[in-house]
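Q: I would like to learn how to read helix packing and side-chain contacts in a model, working outward from a single residue. Could you take me through one?

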Amino acid sequence: MENRKLREHFGLTQAMMADWLGVARSTLALAEQGYPSDPSETGVQNARLTLAVRGLVYDGAGGDFAAPTGRPAPAPDRAEPGFRPRQCQHKIQDLEQQLAILHQRAALYVARLAAVPALRAYPGPVVNPEDEHDGLTIFELEAHRQLREKCGATTRLLLEARLAGVQREAGLLAQALAAPTDPAEAP
């Protein structure tokens, strides 16, 4: 496996890989760009990494054998996930309150829109027809603007999505915290 692919496989920087191989980073950079390099400088270390990718150990004499079992990833730190569900519960309460406020605000503007046709259909005399028309137009346009930008269906949908995400996070954390950390404890 070429150096660049090995680096990417293990998430190594050029500096880290060069250090492992025992060469200057500039030498590795040139080799990765296709310039010739001296394989004797990096051969054993490169072979070790290449074989490790396949679960093998280089025996030092050109052969290989099966590698010991890999080390397990560390178990989750329960301190951080233990605090996060409480944060989630506070956020859920806050989002639910915001959603209730949005519903209340939206109801006011929906009521305006429902009333506009009746207000415009009034056949009786008004003191100033032009002011009446302008006032109703502002009354209606403000309702449209508020519903479109502040408290309408789109705003509520986005808030409901955030709420669902935090609820899901809280549920997953509760599940994770309820699970045993020691594999021996698992049923």
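Q: In which helix does Gln-14 lie?

A: Bear in mind that this is a predicted model. Within it, Gln-14 lies in helix α2.

Q: Is Gln-14 buried or exposed?

A: The usual way to decide is to compare the relative accessible area with a cut-off, and buried here means under 20%. Gln-14 has a relative accessibility of 18%, and therefore counts as buried.

Q: Which side chains make a polar contact with the side chain of Gln-14?

A: There are two to look at in turn. The side chain of Gln-14 makes a polar contact with the side chain of Arg-25 at 2.5 Å, and the Gln-14 side chain also makes one with the side chain of Glu-32, at 2.9 Å. If neighbours within four places in sequence are left aside, the residues in contact with Gln-14 are Arg-7, Arg-25, Leu-28, Ala-29 and Glu-32.

Q: Where is Glu-32 found, and what does Glu-32 touch?

A: Glu-32 is found in helix α3, which spans residues 25–32. Glu-32 is buried because its relative accessible area is 18%, under the 20% cut-off. Not counting residues up to four places away in sequence, Glu-32 touches Asn-3, Arg-4, Arg-7 and Gln-14, and its side chain makes a polar contact with the side chain of Arg-7 at 2.6 Å.

Q: How do the axes of α1 and α2 cross?

A: As a general idea, two packed helices are described by the angle between their axes and the distance between the axes. In this case the axes of α1, residues 3–10, and α2, residues 14–21, come within 10 Å and cross at roughly 115°, which means that α1 is roughly perpendicular to α2. The crossing of these two helices, α1 and α2, is right-handed.

Q: Which residues of α1 and α2 make the contact?

A: From α1 the contact draws on Asn-3, Leu-6 and Arg-7, and from α2 on Gln-14, Met-17 and Leu-21. Sorted by character, the residues of this contact of α1 with α2 are 3 nonpolar, 2 polar and 1 charged.

Q: How many helices and strands does the protein chain have, and what pattern does the chain follow?

A: The protein chain has 7 helices and 2 strands, and when read along the sequence it follows the pattern α-α-α-α-β-β-α-α-α. Of the 187 residues in the protein chain, buried residues make up 21%. Among contacts between residues at least 6 apart in sequence, 59% join residues at least 24 apart.

Definitions and conventions. Residues are numbered from 1 along each chain as its sequence is written. This is a predicted model: local features need pLDDT of at least 70, side-chain atom pairs count only at pLDDT 80 or more; totals for chains, interfaces and linings use all residues. Side-chain values use heavy atoms; hydrogens and water are left out. Axes are lines fitted to C-alpha atoms, for helices over the stretch in contact, and angles run from 0 to 180 degrees between N-to-C directions. Helices (H or I, at least four residues) and strands (E, at least two) are DSSP runs, numbered from the N terminus. Angles under 35 degrees count as roughly parallel, over 145 as roughly antiparallel, 65 to 115 as roughly perpendicular and the rest as oblique. A crossing is left-handed if the near helix is turned anticlockwise from the far one by less than a right angle, and right-handed if clockwise. Contact means heavy atoms within 4.5 Å. Ala, Val, Leu, Ile, Met, Phe, Trp, Tyr, Cys and Pro count as nonpolar, Asp, Glu, Lys and Arg as charged, and the others, Gly among them, as polar. Buried means under 20% relative accessible area, exposed over 50%, partly exposed in between (1.4 Å probe, protein chains only). A polar contact is a pair of N or O atoms within 3.5 Å; within protein, one must be able to donate a hydrogen and the other to accept it, and residues adjacent in sequence count only if both atoms are side-chain atoms.
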